[in-house]
Amino acid sequence: MSDCLFCKIINGEIPSSKIYEDEKVYAFNDIDPQAPVHFLVVPKQHIASALEITEKNADIPGHVFMVVAKLAKEMGFADDGYRIVNNCGKDGGQTVGHLHFHVLAGRNIGWPPG
Ligand code: AMP
Ligand code: ZN
């Protein structure tokens, strides 16, 4: 999608600090980190939000969780744990209209959320 921030990051129009990439997803460090480890995993295909998950693209969330498990082991936060967050819509706190999963680690992430 031409006017989408994360599509522009995926296609290199806007620079990012890349962590991982495969045929389905792109992962990069969040510009405003909320934990020592804070990166985003986004599908390369433009999907506006979790509300747009259908039978056709339902493989994406599972793929994201698999990639994060692999990265957790490689990056060294598997043992201490991590949190995957998806914000959906206004009340969910979504500010960028391209589906993304936050990965937070490196400190005890509080619960419940604010
Ligand atoms: P959300 O509020 O769930 O939609 O999350 C959007 C996230 O994108 C926020 O954590 C922002 O800090 C992050 N973000 C916005 N612009 C950029 C950028 N250019 N590079 C990396 N992360 C970004
Ligand atoms: Zn997009």
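A polar contact is a pair of N or O atoms within 3.5 Å; within protein, one must be able to donate a hydrogen and the other to accept it. The exercises below use this cut-off on a predicted model.

**Exercise 1. Place Gln94, decide whether it is buried or exposed, and find which backbone atoms its side chain contacts.**

Step 1. Start with the location. Gln94 sits in the loop between α3 (89-92) and β5.

Step 2. Check accessibility. The relative accessibility of Gln94 is 18%. Buried means under 20%. Gln94 therefore counts as buried.

Step 3. Look for partners. A polar atom of the Gln94 side chain is 2.9 Å from the backbone nitrogen of Gly89. The backbone oxygen of Val96 also lies 2.9 Å from a polar atom of that side chain.

**Exercise 2. Determine how β3 is enclosed and which strands pair with β3.**

Step 1. Count the buried residues. Seven of the seven residues of β3 are buried, so the strand is largely enclosed by the rest of the structure.

Step 2. Split the strand by face. In a regular strand the side chains alternate between the two faces of the sheet. On one side of β3 are Val37, Phe39, Val41 and Pro43. On the other are His38, Leu40 and Val42. Both faces are covered.

Step 3. Find the neighbours. β2 pairs with β3 in the antiparallel sense, over five bridges. Here Phe28 stands opposite Leu40. β3 and β5 are antiparallel too, with five bridges. Within β5, Val103 is the bridge partner of Phe39.

**Exercise 3. Describe the largest pocket: its volume, its lining and the elements that supply it.**

Step 1. Take the volume. It is about 600 Å³.

Step 2. Take the lining. There are 30 lining residues; Asp30, Asp32, His38, Leu40 and His102 lie nearest the centre.

Step 3. Sort by class. The lining has 14 nonpolar, 12 polar and four charged residues.

Step 4. Assign to elements. α1 (5-10), β2 (25-29), β3 (37-43), β4 (82-85) and β5 (101-105) each give at least two lining residues. The largest share, three residues, comes from α1.

**Exercise 4. Identify which residues come nearest to ligand 1, and give the distances for its polar contacts with Asp30, Asn87 and Thr95.**

Step 1. List the surroundings. Ligand 1 has 16 residues around it, and Asp30, Asn87, Thr95, His100 and His102 come nearest.

Step 2. Take the side-chain contacts. An N or O atom in the Asp30 side chain is 2.5 Å from an oxygen atom of ligand 1. For the Asn87 side chain, the distance to a ligand 1 oxygen is 2.8 Å.

Step 3. Add the backbone contact. Thr95 places a backbone N or O atom 2.6 Å from an oxygen atom of ligand 1.

Methods
Residues numbered from 1 in each chain as written. Chains lettered and ligands numbered in written order. Predicted model: local features only at pLDDT ≥ 70, side-chain atom pairs only at ≥ 80, totals over all residues. Heavy atoms only, no water. 1 Å grid on protein atoms, 1.4 Å probe; cavity = no way out; pocket = protein on both sides within 12 Å on 5 of 7 lines; lining within 4 Å. Points joined across faces, edges and corners; volume = space filled by probe spheres on them. Helix = DSSP H or I, 4+ residues; strand = E, 2+ residues; numbered from the N terminus. Nonpolar A, V, L, I, M, F, W, Y, C, P; charged D, E, K, R; others polar. Buried < 20%, exposed > 50% of the residue type's maximum accessible area, 1.4 Å probe, protein only. Pairing = 2+ DSSP bridges. Near = heavy atom within 4 Å.
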